[in-house]
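Have your viewer ready and your selection tool at hand. We will go from stop to stop, selecting a few residues each time and looking at what is there.

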Amino acid sequence: MNKVILMGRLTKDPEVRYSQGAEPLAVARYTLAVNRRFKRQGEPDADFINCVSFGKAGEFAERYFKKGQMVSIVGRLQVRSWDDNEGKKRWSTDVVAEEQYFAESKNSNAGNPAPAKQESEDGFYPIDESIEDDDLPFN
């Protein structure tokens, strides 16, 4: 099984390119700074993990993800290799995002508000921020 679940802050706005062809496909690349739970003295506080999302998920990332936002993704680890211009073998490890979520409320990230309404074909569901926890039937 190849499954990765991450939550972290975007280090910068996603970089989006579109594939060539009859039906261009969005390819969004971004990096998540994921805090380490435990750290030893002299070690970094966070890991910087490269992520990529394709198609509608890539368009969603381009439209709504902004630097500094806390997001959560579910995906799979993918390792790829290629030969660079000097003929050296290069490797890259990315998390291919299959699900993407906002991991903080609109109020905590006022400069980058979440969309009020999304189309259901994106695979994401809008959350009505006006509902209080006390109003929910299962409390």
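Start by selecting Ser53, which is buried at 0% relative accessible area (buried means under 20%, exposed over 50%, and partly exposed in between, with a 1.4 Å probe and protein chains only). Before going on, note that this is a predicted model: local features need pLDDT of at least 70, side-chain atom pairs count only at pLDDT 80 or more, and totals for chains, interfaces and linings use all residues. Residues are numbered from 1 along each chain as its sequence is written, and side-chain values use heavy atoms, with hydrogens and water left out.

**Around Ser53**

Ser53 sits in strand 4; strands (E, at least two residues) and helices (H or I, at least four) are DSSP runs numbered from the N terminus. Now add Gln100: its side chain and that of Ser53 are joined by a polar contact of 3.4 Å. Such a contact is a pair of N or O atoms within 3.5 Å; within protein, one must be able to donate a hydrogen and the other to accept it, and residues adjacent in sequence count only if both atoms are side-chain atoms. Leaving aside residues up to four places away in sequence, Ser53 also touches others, including Tyr30, Gly58 and Ala61 (contact means heavy atoms within 4.5 Å).

**Helix 1 and its cover**

Next, select helix 1, residues 55-64. Which of its residues are buried? They are Gly55, Ala57, Gly58, Phe60, Ala61 and Tyr64. Show strand 2 (15-18), strand 3 (26-35), strand 4 (46-54) and strand 6 as well, since these are among the parts that cover them.

**The aromatic cluster**

Keep Phe60 and add Tyr30, Tyr64, Phe65 and Phe102: ring pairs link these five into a cluster. Rings of Phe, Tyr and Trp (its six-membered ring) pair if their centres lie within 6.5 Å; planes under 30 degrees apart count as stacked, over 60 as edge-to-face and the rest as tilted. The whole structure holds 5 aromatic pairs. In one of them, the ring centres of Phe60 and Phe102 are 5.7 Å apart and the planes meet at 55°, so this pair is tilted. Phe60 belongs to helix 1 and Phe102 to strand 6 (residues 89-102), 42 residues apart. Phe60 is buried at 4% relative accessibility, while Phe102 is partly exposed at 27%. Phe102 also pairs with Phe65, edge-to-face, with 5.9 Å between centres and 75° between planes. Phe65 lies in the loop between helix 1 and strand 5 (70-83), 37 residues from Phe102, and is buried at 0%.

**Further along the loop**

Move to Gly68, found in that loop between helix 1 and strand 5 and partly exposed at 29%. Gly68 touches Arg9, Leu10 and Glu104, not counting residues up to four places away in sequence.

**Charged pairs**

Last, colour the charged side chains. There are 8 salt bridges, each a side-chain nitrogen of Lys or Arg within 4 Å of a carboxyl oxygen of Asp or Glu. Select Arg29 and Asp94: their closest N and O atoms are 3.6 Å apart. Arg29 is in strand 3 and Asp94 in strand 6, so this salt bridge ties together parts 65 residues apart in sequence. Is Asp94 buried or exposed? Asp94 is buried, at 3%, whereas Arg29 is partly exposed, at 35%. Add Arg80 to see a network of salt bridges linking Arg29, Arg80 and Asp94. For a final stop, choose Arg36 and Asp47, a salt bridge with its closest N and O atoms 2.7 Å apart.
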